Amino acid sequence: MQGKKRKIVQALLYELCAVGFVSPTIAIAFDRSMSYSGVLAVMLSSIAMSWNMLFNALFERWEARQTCRERTLRRRLLHSFGFEGGLAILLIPLMAWWLDISLLTALLTDIGLLAFFFAYAFVFQWCFDRLFGVPDSARELPEYT
């Protein structure tokens, strides 16, 4: 699976699983109802999905211009750090506002979520690539002689 279809399937699967993790975690951590935390989780997920699509498009454009196009451990770590770092900048103010908490508390909350999602993003993308194959941007170019 390649192109836009791959990006859409990857983002939807990633975010559906994420909502399943985040909703009960927020409900328990902040003593909120599942519906209240669920709305926040959907908002966070919508932002994350949009960021996912943009970030992956930019990452794959960069990746396609590299001499070595293999998805090494280093490249997967770079991908995870870039994605999660950008996402934190987008989500912390929303969490602070929605949960009526300080930016510092939202930052600490996000650090907890980031720790989980760092590993989750790595494992999810590895599994996704194993199930659906890597994108063309990660395939070695044929050598011409």
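Rings of Phe, Tyr and Trp (its six-membered ring) pair if their centres lie within 6.5 Å; planes under 30 degrees apart count as stacked, over 60 as edge-to-face and the rest as tilted. Keep that rule at hand for the exercises below.

The model is predicted, with local features needing pLDDT of at least 70 and side-chain atom pairs counting only at pLDDT 80 or more, while totals for chains, interfaces and linings use all residues. Residues are numbered from 1 along each chain as its sequence is written, and side-chain values use heavy atoms, with hydrogens and water left out.

**Exercise 1. Aromatic pairs**

Task: Find how many aromatic pairs the whole structure holds, then classify Tyr36 with Trp98 and Phe124 with Phe128.

Solution.
Step 1. Searching the whole structure gives 15 aromatic pairs.
Step 2. For Tyr36 and Trp98, the centres are 5.0 Å apart and the planes make 25 degrees, a stacked pair. Tyr36 belongs to helix α2 (residues 34-64) and Trp98 to helix α3 (residues 73-99), so this pair ties together parts that are 62 residues apart in sequence. Helices here (H or I, at least four residues) and strands (E, at least two) are DSSP runs, numbered from the N terminus.
Step 3. Phe124 and Phe128 have ring centres 6.0 Å apart and planes at 20 degrees, so they are stacked too. Because they sit four residues apart in helix α4, about one helical turn separates them.
Step 4. Now add accessibility: buried means under 20% relative accessible area, exposed over 50%, partly exposed in between (1.4 Å probe, protein chains only). Tyr36, at 26%, is partly exposed, whereas Phe124 is buried at 12% and Phe128 is buried at 3%.
Step 5. Phe124 and Phe128 also belong to one aromatic cluster, whose members include Tyr14, Trp51, Phe83 and Tyr120.

**Exercise 2. A buried asparagine**

Task: Is Asn52 buried or exposed, and which residues does Asn52 contact beyond its neighbours within four places in sequence?

Solution.
Step 1. Place the residue: Asn52 is in helix α2.
Step 2. Its relative accessibility is 4%, so Asn52 counts as buried.
Step 3. Contact means heavy atoms within 4.5 Å. With neighbours within four places set aside, Asn52 touches Gln10, Ala11, Tyr14 and Phe83.

**Exercise 3. Nonpolar side chains on the surface**

Task: Which residues make the nonpolar surface patch of about 380 Å², and where does Ile89 lie?

Solution.
Step 1. Patches are made of residues with over 30% relative accessible area and no salt bridge (a side-chain nitrogen of Lys or Arg within 4 Å of a carboxyl oxygen of Asp or Glu). Like charges are joined within 9 Å, and nonpolar side chains (Val, Leu, Ile, Met, Phe, Trp, Tyr) within 5 Å.
Step 2. The patch consists of Leu104, Leu107, Leu108 and Ile111. Leu108 lies in helix α4 (residues 103-132) and, at 53% relative accessibility, is exposed.
Step 3. Ile89 is part of helix α3 and is exposed at 67% relative accessibility. Its C-alpha atom is 27 Å from that of Cys127, 38 residues away along the chain.

**Exercise 4. The whole chain**

Task: What is the order of elements in the protein chain, and what share of its 145 residues is buried?

Solution.
Step 1. The protein chain has four helices and zero strands, running α-α-α-α from the N terminus.
Step 2. Along the principal axes, its C-alpha atoms fill a box of roughly 65 × 25 × 20 Å.
Step 3. Buried residues amount to 39% of the 145.
Step 4. Among contacts with a separation of 6 or more, 72% involve residues 24 or more positions apart.

Key
Areas by Shrake-Rupley, 256 points an atom, 1.4 Å probe, with all protein chains shown as cover.
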